Amino acid sequence: MHYDGMTFRPPYEAGSLLLQVTRGCSHNACTFCSMYREVSFAISPLEEIVDDLAEAAWEFPGVSRVFLVNGDAFCLPADALLNIAEMIHEALPNVRSIGCYARIPNVSSKTDGELAALAAAGYNNINIGVESGLDDVLAFMNKCFTVDDALRQFERLHAAGLPFNVNIINAAAGPKRIAEHAAANAAVVNAAQPTLIFVSPLHVDPGTPLVGLIERGEFEECTLGQYLEEEIAFLEDLELDDCVFFGVHVSNPVPVNGWLPRDKEALLAALRAGMARIPQAELDAHPNKGTEGSLR
Ligand code: SF4
């Protein structure tokens, strides 16, 4: 299999075949992200994908899930993604799920018909880094889309029948805006009605612009306790019809995972109990400093 530079996938894709269709990230400029800083973006040559699928068909003929890597594989044009899906189904007939990371601009660049065709071709698990429900925080993160842009694309994905997950970074607006950020994040997720929410704290990874912003006093990082406070407030405000709440990544200080709305009270109780067990000195410290690439 070809893997160039760093490769990332969501924790829940641990059992999936990782098929490299790009290297790096076509954006590679989010304020907090160090994942692909050392990798130049490039699209994989078709012959590499053909070779990797032939190898996978030999090594893992029964695989049922494929996750396209790397940073935002959904940036590929729809016809390329459709061609890749066709090759996957031909080489690996048991595949029922094709997923990848996607940016909001990757969705908006596709027509309604293309999104519907991608859904019909088996794309049913795209992961979108929404991160925040506040426009100024999205601008600070250099995400290059607004909350309204995201909401419009979620509507189009639903209309196309293409299921998606969202990533939310709690505590990304700083300690003075915990309640405001939690409410805004919940509002955008409630409007999105995703299949899964992946929650994580804001990380301060070496080599990112965020480090300089903190050093110059232009951004104040939340403590672990403030992060948990925001995660709890966020969860309290969620009103979802049928969604996985996924917070069991290595970066989650109190790991919780369950279905909403069914498990909401149990998840809140677990978060509150977990927070109560953490020594005050740890709650007052900054979380996960330098956990490179761990936002995903
Ligand atoms: S967070 Fe995602 S979109 Fe932003 S630079 Fe990192 S990989 Fe690219």
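Helices and strands here are DSSP runs, numbered from the N terminus. With that in hand, N70 can be placed in the loop between β4 and α2 (78–91). The model is a predicted one, and in it a cis peptide bond joins V69 to N70, with omega at about 25°. There is another cis bond further along the chain, between L260 and P261, where omega comes out at about 5°. P261 sits in the loop that runs between β10 (256–260) and α10 (264–277).

Back at β4, this strand covers residues 65–69 and pairs with β5 in the parallel sense, over 4 bridges. Across that pairing, F67 stands opposite G99 in β5. As for β5 itself (residues 97–102), 5 of its 6 residues are buried, so the strand is largely enclosed by the rest of the structure. As a general point, side chains in a regular strand alternate between the two faces of the sheet.

Next comes the ligand. The residues around it are C25, H27, N28, A29, C30, C33, M35, Y36, G71, D72, R103 and G129. Sorted by class, this shell has 6 nonpolar, 4 polar and 2 charged residues.

Helix α6 takes in residues 147–160, and its length works out as it should: at 1.5 Å a residue, its 14 residues are expected to span 20 Å, and the C-alpha atoms at its ends are indeed 20 Å apart. Which of its residues are buried? They are A150, Q153, F154, L157 and A160. These buried positions cover an arc of only 125° around the axis, which puts them on the same side of α6. The other side of the helix is where D148, E155 and A159 are found, and these are exposed. As for what lies over the buried residues, the cover includes the helices α3 (104–108), α4 (112–120) and α7 (178–192), along with the strands β6 (123–131) and β7 (164–170). Just after the helix, G161 takes a positive phi of about 75°.

Positive phi also turns up in residues that are not glycine. One of these is N142, with a phi of about 60°; N142 belongs to the loop between α5 (135–140) and α6. It has 13 C-beta neighbours inside 10 Å, and since a residue needs 20 or more to be buried and 12 or fewer to be exposed, N142 counts as partly exposed. E131 is another case, with phi near 70°. Unlike the loop residue, E131 has its place in a strand, β6. E131 is buried because there are 25 other C-beta atoms within 10 Å.

Finally, there is Y12, in the segment before β1 (17–20). Is Y12 buried or exposed? It has 20 C-beta neighbours inside 10 Å, so Y12 counts as buried. Y12 and V63 are 51 residues apart along the chain, and their C-alpha atoms are separated by 15 Å.

Definitions and conventions: Residues numbered from 1 in each chain as written. Predicted model: local features only at pLDDT ≥ 70, side-chain atom pairs only at ≥ 80, totals over all residues. Near = placed C-beta within 6 Å. Nonpolar A, V, L, I, M, F, W, Y, C, P; charged D, E, K, R; others polar. Helix = DSSP H or I, 4+ residues; strand = E, 2+ residues; numbered from the N terminus. Expected span 1.5 Å × (residues − 1). Arc of directions from axis to C-beta. Contact = placed C-beta atoms within 7 Å. Pairing = 2+ DSSP bridges.
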